[in-house]
Structures are given as structure tokens and as C-alpha cells.
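Reader: I would like a close look at one part of this protein, namely its nonpolar interior and the aromatic residues in it. Please take me through it slowly, and then place it among its surroundings.

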Amino acid sequence: GDVSEKHGGGPAVPEKAVRFSFTVMSVTVQAEGEEEAVTIFQEQKPNSELSCRPLCLMFVDESDHEMLTAILGPVVAERRAMKESRLILSIGGLLRSFRFYFRGTGYDEKMVREMEGLEASGSTYVCTLCDSTRAEASQNMVLHSITRSHEENLERYEIWRTNPFSESADELRDRVKGVSAKPFMETQPTLDALHCDIGNATEFYKIFQDEIGEMYLKTNPNREERRRWRSALDKQLRKKMKLKPVMRMNGNYARRLMTREAIEVVCELVPSEERRKALRELMELYLQMKPVWRSTCPAKDCPDQLCRYSFNSQRFAELLSTTFKYRYDGKITNYLHKTLAHVPEIVERDGSIGAWASEGNESGNKLFRRFRKMNARQSKIFELED
């Protein structure tokens with residue numbers, strides 16, 4: 001987590017720190033001669049800071065790749081050693097053998113791209129799970145399957161490094177699909193539910209502004225106009241929902257913004273009834289889809305939404321590419337692409353997305369800042385009345 005010093009009385013150290021933490025998700029026992037393993041422990045609250053144990057705290061900037069890899073190198077080496085060997089312990093006079101399975105999840109997209117050697121998130125290669133480009137993802141919003149993996153990224157890096165077919169830079173980049181650094185740590189190709197929430201709420205926030213300004217009728221409004229729309233939206237949300245504008249979208253704001261209550265409040269500012277209807281439908285579909293990637297166990301918590309997910313996401317994509325075409329012509333945000341295209345496949349494979357999300361880690365960051373008296377990224381500017 002970024003813990004830049006603001007006005008804490010901390011020691012003079014480099015100003016950024018990274019916490020690297022782990023959670024024991026489950027423990028299973030396989031009795032001799034038995035086919036099935038029995039689960040004896042399953043983490044009930046995988047997203048609590050209580051189950052998120054720091055493995056190391058280091059003063060380093062997460063974007064300083066050389067430094068980060070140097071510090072985490074030993075962790076990767078230990079992991080590799082633990083994965084490939086068996087630990088034999090004597091428990092109550094009996095020898096027991098243990099195996100470890102590691103899953104790199106709960107990283108936000110920036111960290112996944114960093115670890116897996118992909119280009120940064122503004123890249124034309126929009127996804128960390130498939131090879132789609134941004135233009136393709138905006139044309140075909142739903143039908144993609146997960147193709148990227150750590151091994152493949154390593155192979156592609158080798159191709160990038162050696163350029164065996166003596167191609168031009170552009171051809172080469174297209175061949176390796178944006179893998180241009182050495183993948184360093186294996187991550188499970190999945191989706192970070194918390195940042196998915198935040199990314200999609202940011203997107204809806206922008207759609208709300210555009211709809212208030214009737215963007216679908218205009219060609220290119222100037223900055224002054226856009227500022228007026230945003231200001232109108234902020235005022236309305238503050239007045240009706242007591243939602244203070246924030247500098248950078250955060251989880252709490254995102255959760256409050258993505259509600260039926262919020263859409264009604266926004267619709268009061270949208271002039272045309274037809275557009276209001278489209279906005280309501282968009283939000284309704286989103287609220288149907290959201291529990292699937294938020295809940296710890298979707299098959300148990302929201303089986304109906306899980307069954308309808310693909311259908312809902314197709315309708316959602318249809319709305320975006322017709323009614324909201326002005327926004328999604330040739331471009332789409334990374335998390336929106338993942339929400340529409342990859343959720344069912346991940347849930348089918350892992351049983352859950354929400355369980356592997358990064359809230360526990362974020363709460364840990366918050367505590368860490370708190371203990372170090374560092375109030376990072378908290379701007380007081382917005383608390384003044386506008």
C-alpha cells in the first residue's frame with residue numbers, strides 16, 4: 001500500500017512502503033488410501049484484516065521494479081522451494097507430510113501487470129486475463145475466455161527478448177501481446193473484486209455526468225461545460241444522499257453510488273425520460289451482476305444471479321454498445337471488460353471471486369498507516385462546501 005508521509009511524526013525513511021501479506025484460506029487432510037480430501041479449516045472472513053497476515057513490510061516504491069523484485073526475490077524463491085518439497089513433521093508420534101499451495105490473488109491490476117511483466121494499464125492490451133485489445137474488447141464485450149498464464153508470459157518474454165523471427169518492434173509487440181518485461185511472481189489470473197467495484201463506479205460516475213449534459217446529442221463539449229455537469233452531479237449527490245465529492249474514488253463511495261437510491265437521485269437531473277429508463281436498466285443489471293463477484297460463496301449466497309450472469313452481462317453490453325455508444329466506441333475500461341467477459345469463468349474455476357478480493361489487505365494498509373501516524377492520500381480540500 002502507498003503510505004506516503006503527510007504530517008506524521010515518523011522517522012526519516014523513504015516515503016513509500018509496501019506490505020506483502022498472506023491469508024491461510026483452507027486446510028485439507030487426505031487420509032491414506034482415500035480418494036477425497038477432507039477440508040478441516042476454511043477461512044470464514046477471508047477479507048478481514050484479521051486473516052491477512054503481513055509477511056514483510058518494506059520501504060520501497062511499488063513502481064520501482066528493480067527494487068521490488070530484489071526485495072521480494074527471496075520470497076519467490078522460498079515459495080518455489082516450499083511448493084516443490086514436502087514438509088514432514090512428527091505430530092503426536094506420527095509422521096505427517098504437508099504440502100503448500102500458493103495463489104497470488106488480491107493484487108490490484110497495477111500490481112498484477114508489474115508482477116507478470118505486462119505493459120501498464122493504459123496499454124492497448126486491455127486485459128490481464130486474455131489477449132484482447134481495447135478496440136476488440138469494446139466491439140465484442142462478452143465473449144472472451146481466459147488465456148494468459150504465468151508460463152505463457154515467461155515464454156512470451158523470451159520471444160520479446162530474443163526476437164527469433166527478426167520482426168519490427170510493432171510486429172513483435174503484437175506477437176507477445178504486450179508482455180515486455182520478465183514475469184517475476186506467479187499470480188492467479190483473476191479479478192480483484194474491490195478495485196472492480198471502484199473502477200466500475202468511476203465509469204458510472206462519468207456516465208452520469210455525460211447523461212446530465214446530454215452528451216449523446218453533442219459532438220465535443222468544452223471543459224467548462226463538463227465541469228458544470230460534474231458540479232451539478234456532485235451537488236445533487238451531496239444534497240440528496242449526503243455523499244461528499246472525493247478526490248479519488250474509494251470503496252465506500254463506490255458502494256453508496258451504485259445503488260437504486262443513487263440512480264433515482266441522478267435521474268432527477270436527466271432531462272429525457274427515455275435516457276432515464278436506460279440508466280435505470282443499466283443500474284438494475286449491474287446490481288444483479290455485482291453479488292456474483294462480491295460474495296464469498298456465490299453458489300450459496302446468490303445462485304439465481306450466478307445463473308443469470310451471462311444473460312445479464314450480454315444485455316448490459318448491448319445497452320452500452322447502442323444507447324451509450326458515444327462512450328464505448330472503440331474504447332472500454334479494463335475492469336468493465338473483465339466484469340462483462342470473465343466473471344462466470346473465474347467463478348466456475350475458483351468457486352468465488354469475492355473470497356480472493358483485496359479488502360483485507362487494504363484494511364491492513366490502513367492500520368499500518370495509522371500505526372506509523374501517516375495520513376496518506378487524505379485530502380481535506382473536498383470537505384469545504386463548494
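How many aromatic pairs does the structure hold?

Author: The model is a predicted one, and the structure in it holds eight aromatic pairs. One of them joins Phe-100 and Phe-102, whose ring centres are 6.5 Å apart and whose planes meet at 15°, so this pair is stacked. Neither side of that pair is fully covered: Phe-100 is partly exposed, at a relative accessible area of 32%, and Phe-102 is likewise partly exposed, at 27%. Another pair is formed by Phe-204 and Phe-208, where the ring centres lie 6.1 Å apart and the planes stand at 75°, so the arrangement is edge-to-face. Because Phe-204 and Phe-208 are four residues apart in helix α6, about one helical turn separates them. Phe-204 is buried, with a relative accessible area of 2%, and Phe-208 is buried as well, with a value of 0%.

The pair in α6 belongs to a wider group, for ring pairs link Phe-204 and Phe-208 with Tyr-286, Trp-293 and Phe-316 into a cluster. Phe-316 deserves attention of its own, since, leaving aside neighbours within four places in sequence, it is in contact with Phe-204, Leu-282, Leu-285, Tyr-286, Met-289, Leu-336 and Leu-340. In soluble globular proteins, nonpolar side chains tend to be buried together. Here the largest nonpolar core has 61 residues, and those with the most contacts inside it are Phe-208, Leu-237, Leu-257, Phe-316, Leu-320 and Leu-340. Many helices contribute to this core: α6, α7, α8 (251–257), α9 (260–267), α10 (273–294), α12 (303–322), α14 (334–341) and α15 (343–350) each supply at least two of its residues. Apart from this core lies another, of 14 residues, among them Val-60, Tyr-107, Val-112 and Phe-184.

The annotation can be set beside this picture. For residues 189–351, an unreviewed UniProt entry lists "domain: V(D)J recombination-activating protein 1 ZnH2". That span is 74% helix and 0% strand, and its end C-alpha atoms lie 14 Å apart. For residues 125–187, the unreviewed UniProt entry lists "domain: V(D)J recombination-activating protein 1 ZnC2". Over residues 125–187 the chain is 43% helix and 0% strand, with the end C-alpha atoms 18 Å apart.

Polar and charged residues also take part in the surroundings. Arg-275 lies over the face of Tyr-216, at 3.8 Å from the ring centre, and Arg-275 also lies over the face of Phe-324, at 5.4 Å from the centre of that ring. Gln-236 has its place in helix α7 and is buried, with a relative accessible area of 7%. When neighbours within four places in sequence are left aside, Gln-236 is in contact with Met-241, Val-265, Glu-268 and Leu-269.

Helix α16 is another element to consider, and it comprises residues 359–371, which makes 13 residues. From its first C-alpha to its last, α16 reaches 18 Å, close to the 18 Å expected at 1.5 Å a residue. The buried residues of α16 are Glu-359, Gly-360, Gly-364, Asn-365, Phe-368 and Arg-369. What covers these buried residues of α16 includes the strands β1 (18–22) and β4, together with the helices α6, α8 and α10.

Some loop residues complete the picture. Pro-46 is found in the loop between β3 (38–42) and β4 (53–58), and at 7% relative accessibility it counts as buried, because the cut-off for that term is under 20%. Leaving aside neighbours within four places in sequence, Pro-46 is in contact with Met-25, Ser-51, Thr-296 and Ala-355. Ser-166, by contrast, lies in the loop between α4 (150–162) and α5 (169–176) and counts as exposed, at 63% relative accessibility. The C-alpha atoms of Pro-46 and Ser-166, which are 120 residues apart along the chain, are separated by 48 Å. The backbone of Ser-166 has a phi near 45°, a positive value in a residue other than glycine. Glu-214, which is not a glycine either, has a positive phi of about 50°, and Glu-214 is found in the loop between α6 (193–212) and α7 (223–241).

How values were computed: Residues are numbered from 1 along each chain as its sequence is written. This is a predicted model: local features need pLDDT of at least 70, side-chain atom pairs count only at pLDDT 80 or more; totals for chains, interfaces and linings use all residues. Side-chain values use heavy atoms; hydrogens and water are left out. Buried means under 20% relative accessible area, exposed over 50%, partly exposed in between (1.4 Å probe, protein chains only). UniProt positions are given in the numbering used here, feature names are shortened, and annotations may be inferred rather than shown by experiment. Rings of Phe, Tyr and Trp (its six-membered ring) pair if their centres lie within 6.5 Å; planes under 30 degrees apart count as stacked, over 60 as edge-to-face and the rest as tilted. A charge sits over a ring if NZ of Lys or CZ of Arg is within 6 Å of the ring centre and within 35 degrees of the ring normal. A nonpolar core is a set of buried Ala, Val, Leu, Ile, Met, Phe, Trp, Tyr and Cys residues joined through side-chain atoms within 4.5 Å. Contact means heavy atoms within 4.5 Å. The expected span of a helix is 1.5 Å times one less than its number of residues.
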